[in-house]
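This briefing is meant to be read beside the sequence and the 3D view. It goes through selected residues, the packing of the interior, one pocket and two backbone angles.

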Amino acid sequence: MTRFFDVLFSLLAIIILLPFMIPIMIGLKLTGEHDIFYGQSRVGKGGKEFKLLKFATMLRNSPNLPGGLFTAENDPRMLPMGPFLRKTKINELPQLLNILAGQMSVIGYRPQVRKQYNFFPEEDQKVMATDIPGLSGLGAVVFRDEEEMLRKVDNHEEFYEKIISPYKSKLECWYIENKSLKNYFKLIWLTIKAVIKPGDDSWKKLNNLPEMPEELKTYL
């Protein structure tokens, strides 16, 4: 049933947002490295990789430059329109095409690059492999300000691998194990609230959530 709504919502979103996205595409074409889209290999259903689409916000070779997969404040690898597109999450809109292609859903676990996917416990990887990833989801709502959180810790790579990743994967598995039309629409609403009201913690009212690590309670 969620596939019907995935197609319906993604088509409606493309039709409604196209007049807004065209100026963005023109702006990207005229600035930076003149790329409009960026396709990155992410892990999806069955543990197989697919090309996730985004509006270009970083230099093409940014994963191989100092900083790697983590983005710092005022990151020199950022393209002129990058900070705005990333802060507002507008850079994620091309994934509506991934949804139409059946590679993603509106709601699901956020697809990761292989290196970050491997940070997840193996038992959680097996659960995620049974379903397709999403444009948004519980992990995306809870960790909407993940980049800002990581800037506040000394060793962000270790904090991400040891603290954030295990909890995030448990949240993603929570949705898969409690997947229903009700929770699908509930997560859409929580996503909207997270965008228009940063810091909103309504997600904490969901039932039977995995226990949050002590190290994250200061930030979440």
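## Aspartate 124 and its surroundings

Not counting neighbours within four places in sequence, aspartate 124 is in contact with Pro166, Ser169, Lys170 and Cys173. These contacts come from a predicted model, and the points below are grouped by topic.

**Aspartate 124 and serine 169**

- Aspartate 124 belongs to helix H5, which covers residues 122-128, and it counts as buried because its relative accessibility is 4%, where buried means under 20%.
- Serine 169, one of the contacts of aspartate 124, lies in helix H8, and its relative accessibility of 0% is why it too counts as buried.
- Seen from serine 169, and again leaving aside neighbours within four places in sequence, the contacts are Phe120, Pro121, Asp124 and Met128.
- Serine 169 and lysine 179 are ten residues apart in sequence, and their C-alpha atoms are 15 Å apart in space.

**Nonpolar cores**

- In soluble globular proteins, nonpolar side chains tend to be buried together.
- The largest nonpolar core in this model holds 34 residues, and those with the most contacts inside it are Phe143, Tyr167, Trp203, Leu216 and Leu220.
- Two or more residues of this core come from each of strand E2 (49-55), helix H3 (95-100), strand E3 (105-107), helix H6 (138-142), helix H7 (146-151), helix H8 (156-177) and helix H9 (181-196).
- H8 gives the largest share of this core, namely eight residues.
- Tyrosine 167, when its neighbours within four places in sequence are set aside, is in contact with Val142, Phe143, Trp203, Pro210, Glu211, Met212, Pro213, Leu216 and Leu220.
- A second core, separate from the one just described, has eight residues, among them Met25, Leu28, Leu85 and Leu93.

**Helix H9**

- The 16 residues of H9 should span 22 Å at 1.5 Å a residue, and this agrees with the 23 Å between its end C-alpha atoms.
- The buried residues in H9 are Asn183, Tyr184, Leu187, Ile188, Leu190, Thr191, Lys193 and Ala194.
- An α-helix has 3.6 residues a turn, so residues three or four places apart point the same way.
- The partners against which the buried residues of H9 pack are helix H1 (2-30), E3, strand E4 (134-136), H6 and H8.

**The second largest pocket**

- The volume of the second largest pocket is about 310 Å³.
- Its lining is made up of 17 residues, and Val142, Asp145, Gly199, Tyr219 and Leu220 are those that lie nearest the centre of the pocket.
- H6 and H7 each contribute at least two residues to this lining.
- Sorted by class, the lining of the second largest pocket comprises nine nonpolar, one polar and seven charged residues.
- Leu220 appears both among the residues nearest the centre of this pocket and among the residues with the most contacts inside the largest nonpolar core.

**Residues with a positive phi**

- Most residues other than glycine have a negative phi.
- Histidine 34, although it is not a glycine, has a positive phi of about 70°.
- Histidine 34 is found in the loop between H1 and strand E1 (37-43), and because its relative accessibility is 41% it counts as partly exposed.
- Asparagine 208 likewise has a positive phi, near 55°, in a residue other than glycine.
- Asparagine 208 is placed in the loop between H9 and helix H10 (214-217), and its relative accessibility of 70% is why it counts as exposed.

**Alanine 13 in helix H1**

- Alanine 13 is found in helix H1, where, not counting residues up to four places away in sequence, alanine 13 touches Leu18 and Leu96.
- Alanine 13 and aspartate 75 are 62 residues apart in sequence, and the distance between them in space is 30 Å, C-alpha to C-alpha.

Notes:
Residues are numbered from 1 along each chain as its sequence is written. This is a predicted model: local features need pLDDT of at least 70, side-chain atom pairs count only at pLDDT 80 or more; totals for chains, interfaces and linings use all residues. Side-chain values use heavy atoms; hydrogens and water are left out. A nonpolar core is a set of buried Ala, Val, Leu, Ile, Met, Phe, Trp, Tyr and Cys residues joined through side-chain atoms within 4.5 Å. Buried means under 20% relative accessible area, exposed over 50%, partly exposed in between (1.4 Å probe, protein chains only). Helices (H or I, at least four residues) and strands (E, at least two) are DSSP runs, numbered from the N terminus. Contact means heavy atoms within 4.5 Å. On a 1 Å grid over the protein atoms alone, a cavity is a set of points where a 1.4 Å probe fits but cannot get out, and a pocket is an open set with protein on both sides within 12 Å along at least five of seven lines; lining residues have an atom within 4 Å of a point. Grid points are joined across faces, edges and corners, and a volume is the space filled by probe spheres set on the points. Ala, Val, Leu, Ile, Met, Phe, Trp, Tyr, Cys and Pro count as nonpolar, Asp, Glu, Lys and Arg as charged, and the others, Gly among them, as polar. The expected span of a helix is 1.5 Å times one less than its number of residues.
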